[in-house]
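User: I have a structure open and would like to talk through its ligand site and a few of its loops. Could you put it up so that we can look together?

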Amino acid sequence: MLNIVLFGPPGAGKGTQSEKLIERFKLVHLSTGDILRSEVANQTELGLEAKKLMDQGLLVPDEVVIGMIESKVDSNASSNGFIFDGFPRTSAQAKALDELLHRKGTSITRMLALEVSEEELITRLLLRGKDSGRADDQDESIIRKRIHEYTTKTAPVRDYYEAQGKYTGVNGIGSIDSIFESLCTAIEASAATR
Ligand code: AMP
């Protein structure tokens, strides 16, 4: 299996690049943000609880997202592999993901991190808020809160994969196609050395 963690702050382009990568490498896209937004739209109990945190730009509890990922990995057991987008976002989630994949006889191939400056992120997210209507993209103070959550809780996940020799940083500024080609080159290089 080819299992990629696509990493980076909110607005780095993870969703856009995931769409292209799943097509190129025939992978299943698992975005915890998308799964949570569909729970919110369906007004499930989980969705109603998660919405309170998402609206403030805070992370939802680890056990909630770990449970969601487990059931999605289980229901796609025969796939070529996965792109994890927006997950893991804490060290506890990263450990749980390793354990889950280990039980399935597989592991993370590579973490690819899209690197983008904070001011560029804010510009992109405010623009996305206008186009998509996502409430958490329309308020600059919530955007800054999400970036703060990323810096304090999520950025350490990078060290977790770096310690395993699995981290690759990719410049997230440029055209969608040129960033995509950089990601493909990194994936092909890591798949070749497995
Ligand atoms: P995203 O679409 O990935 O930016 O996620 C939107 C919101 O969903 C985040 O601001 C969090 O509130 C929540 N969320 C998504 N993924 C996770 C995760 N792995 N852990 C905790 N909260 C998450």
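Analyst: What follows takes the ligand first and then some loop residues.

User: Before that, what sort of model is this?

Analyst: This is a predicted model, in which local features need pLDDT of at least 70 and side-chain atom pairs count only at pLDDT 80 or more, while totals for chains, interfaces and linings use all residues. Residues are numbered from 1 along each chain as its sequence is written, and side-chain values use heavy atoms, with hydrogens and water left out.

User: Ok, which residues come nearest to the ligand?

Analyst: Thr32, Arg37, Leu58, Gly86 and Arg89 come nearest, out of 15 residues around the ligand, where a residue counts as near if one of its heavy atoms lies within 4 Å of the molecule.

User: And which element gives the most to that shell?

Analyst: That is helix H2, residues 32–41, with 4 residues in the shell; helices (H or I, at least four residues) and strands (E, at least two) are DSSP runs, numbered from the N terminus.

User: How does the shell split by class?

Analyst: The shell around the ligand holds 7 nonpolar, 4 polar and 4 charged residues, with Ala, Val, Leu, Ile, Met, Phe, Trp, Tyr, Cys and Pro counted as nonpolar, Asp, Glu, Lys and Arg as charged, and the others, Gly among them, as polar.

User: What about N and O atoms, where does the backbone come up to the ligand?

Analyst: A backbone N or O atom of Leu58 is 2.6 Å from an oxygen atom of the ligand, and a backbone N or O atom of Gly86 is 2.9 Å from a ligand nitrogen atom. From a side chain, an N or O atom of Gln93 lies 3.0 Å from a nitrogen atom of the ligand. Of the 480 Å² of accessible area that the ligand has on its own, the protein covers 96%, with areas from the Shrake-Rupley method and a 1.4 Å probe.

User: Switching to loops, where is the cis peptide bond?

Analyst: The bond from Phe87 to Pro88 is cis, with omega near -5°, and Pro88 lies in the loop between strand S3 (81–85) and H5. The C-alpha atom of Pro88 is separated by 11 Å from that of Ile108, 20 residues apart along the chain.

User: Is Ile108 buried or exposed?

Analyst: Ile108 has a relative accessible area of 1%, so it is buried, the classes being buried under 20% relative accessible area, exposed over 50%, and partly exposed in between (1.4 Å probe, protein chains only). Ile108 sits in the loop between helix H5 (91–103) and strand S4 (110–115).

User: Which residues other than glycine have a positive phi?

Analyst: Lys26, with phi near 55°, and Gln43, with phi near 50°, are two such residues. Lys26 is in the loop between helix H1 (14–25) and strand S2 (28–31) and counts as exposed because its relative accessibility is 55%. Gln43 is in the loop between H2 and helix H3 (45–54), and it is exposed too, at 58%.

User: And Gln164, where does it lie?

Analyst: Gln164 is in the loop between helix H7 (140–163) and strand S5 (167–171), and it counts as partly exposed because its relative accessibility is 33%. Its C-alpha atom is separated by 9.5 Å from that of Arg110, and the two residues are 54 apart along the chain.

Notes. Polar contact = N/O pair within 3.5 Å; in protein donor to acceptor, adjacent residues only side chain to side chain.
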